[in-house]
Amino acid sequence: MQIHDLSTENSILNQFISEIRDTKIQKDPLRFRRNIERVGEVLCYELSKTLEFKTRTVQTPLGTTTMPVPVSPLVLCSVLRAGLPLHQGLLNYFDRAENAFISAYRHHPDGGDAFEVIVKYLAAPDLNGKTLVLTDPMLATGKTLENVLKALRANGEPDQIHILSVIGSKKGIAHVSEIFPEQTHLWIAAIDDTLSPSGYIIPGIGDAGDLAFGLKL
């Protein structure tokens, strides 16, 4: 897997990441969602440079010009519910893309730290011959993306896979690298060292879904 760690260079992306980490700023869910959305915009801008382009002739009011434009057929797939703000960031740029949504949640069978990821809902188009863009804001253990990949196989084989995450752990990235095809690209805004016993990224941000949409039962 090819890893594109955007935190290795200074950019405005660092401002968005610092704000979603900040416990004081996290109290404003609108600002939190917008920052996740803006991270998605930056990530998909970088991703767009790797897509297939073709030259198109454009008629302007005063003449014609030629422009290289992306032509790769995209499917944007987000994990509910935490992935929704990130998904919107991608849609702001890839507004003609097809969309897929999948539900995945952590189930703690004995009430302890150990958990399994349960996938219950999937709505996705045919993936054959397309570029699949998977969005999961917090790449913690990698189990969610592993189960998402298994569920999507029933919809065909994409030509290329890109994963977009806001923050990931080294352990989760290593796991995903083993599960996904070798030519997969990971676009990520920050990488943290460790996981808590319950599988949350440290220092991370906490629970992205709760911060964006409120506490769940």
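Here are some questions and answers about helix packing and one arginine in this predicted model.

Q: Why is H1 called roughly antiparallel to H2?
A: Helix H1 (residues 13-21) and helix H2 (residues 29-48) pack at an angle of about 150 degrees. Angles over 145 degrees count as roughly antiparallel, so H1 is roughly antiparallel to H2. Their axes are 9 Å apart, and the crossing is left-handed.

Q: What makes the contact between H1 and H2, residue by residue?
A: From H1 come Leu13, Phe16, Ile17, Glu19 and Ile20. They meet Arg31, Phe32, Asn35, Ile36, Arg38, Val39 and Val42 in H2. By class, the residues of this contact divide into 8 nonpolar, 1 polar and 3 charged.

Q: Why are Leu145, Glu146, Val148, Leu149 and Leu152 said to line one face of H4?
A: These are the buried residues of helix H4 (residues 143-152). Buried means that each has under 20% relative accessible area. Looking down the axis of H4, you find the buried residues within an arc of 165 degrees, so they line one face of the helix.

Q: How do you know that H4 is roughly parallel to H5?
A: The axes of H4 and helix H5 (residues 170-179) cross at roughly 20 degrees. Angles under 35 degrees count as roughly parallel, so that is the description that fits H4 and H5. The two axes come within 9 Å, and the crossing is right-handed.

Q: Which residues make the contact of H4 with H5?
A: On the H4 side they are Lys143, Leu145, Glu146 and Leu149, and on the H5 side His175, Val176 and Ile179. Sorted by class, the contact has 4 nonpolar, 1 polar and 2 charged residues. Leu145, Glu146 and Leu149 are also listed among the buried residues of H4.

Q: Why is Arg21 called partly exposed?
A: Arg21, which lies in helix H1, has a relative accessible area of 25%. Buried would mean under 20% and exposed over 50%. The value for Arg21 falls in between, so Arg21 is partly exposed.

Q: What does Arg21 touch, leaving aside residues up to four places away in sequence?
A: Arg21 touches Gln26, Ile167, Ala190, Asp192, Pro203, Gly204 and Ile205.

Q: How many residues apart in sequence are Arg21 and Phe101, and what is the C-alpha to C-alpha distance?
A: Arg21 and Phe101 are 80 residues apart along the chain, and their C-alpha atoms are 26 Å apart in space.

Methods. Residues are numbered from 1 along each chain as its sequence is written. This is a predicted model: local features need pLDDT of at least 70, side-chain atom pairs count only at pLDDT 80 or more; totals for chains, interfaces and linings use all residues. Side-chain values use heavy atoms; hydrogens and water are left out. Axes are lines fitted to C-alpha atoms, for helices over the stretch in contact, and angles run from 0 to 180 degrees between N-to-C directions. Helices (H or I, at least four residues) and strands (E, at least two) are DSSP runs, numbered from the N terminus. Angles under 35 degrees count as roughly parallel, over 145 as roughly antiparallel, 65 to 115 as roughly perpendicular and the rest as oblique. A crossing is left-handed if the near helix is turned anticlockwise from the far one by less than a right angle, and right-handed if clockwise. Contact means heavy atoms within 4.5 Å. Ala, Val, Leu, Ile, Met, Phe, Trp, Tyr, Cys and Pro count as nonpolar, Asp, Glu, Lys and Arg as charged, and the others, Gly among them, as polar. Buried means under 20% relative accessible area, exposed over 50%, partly exposed in between (1.4 Å probe, protein chains only). The arc is that of the directions from the helix axis to the C-beta atoms.
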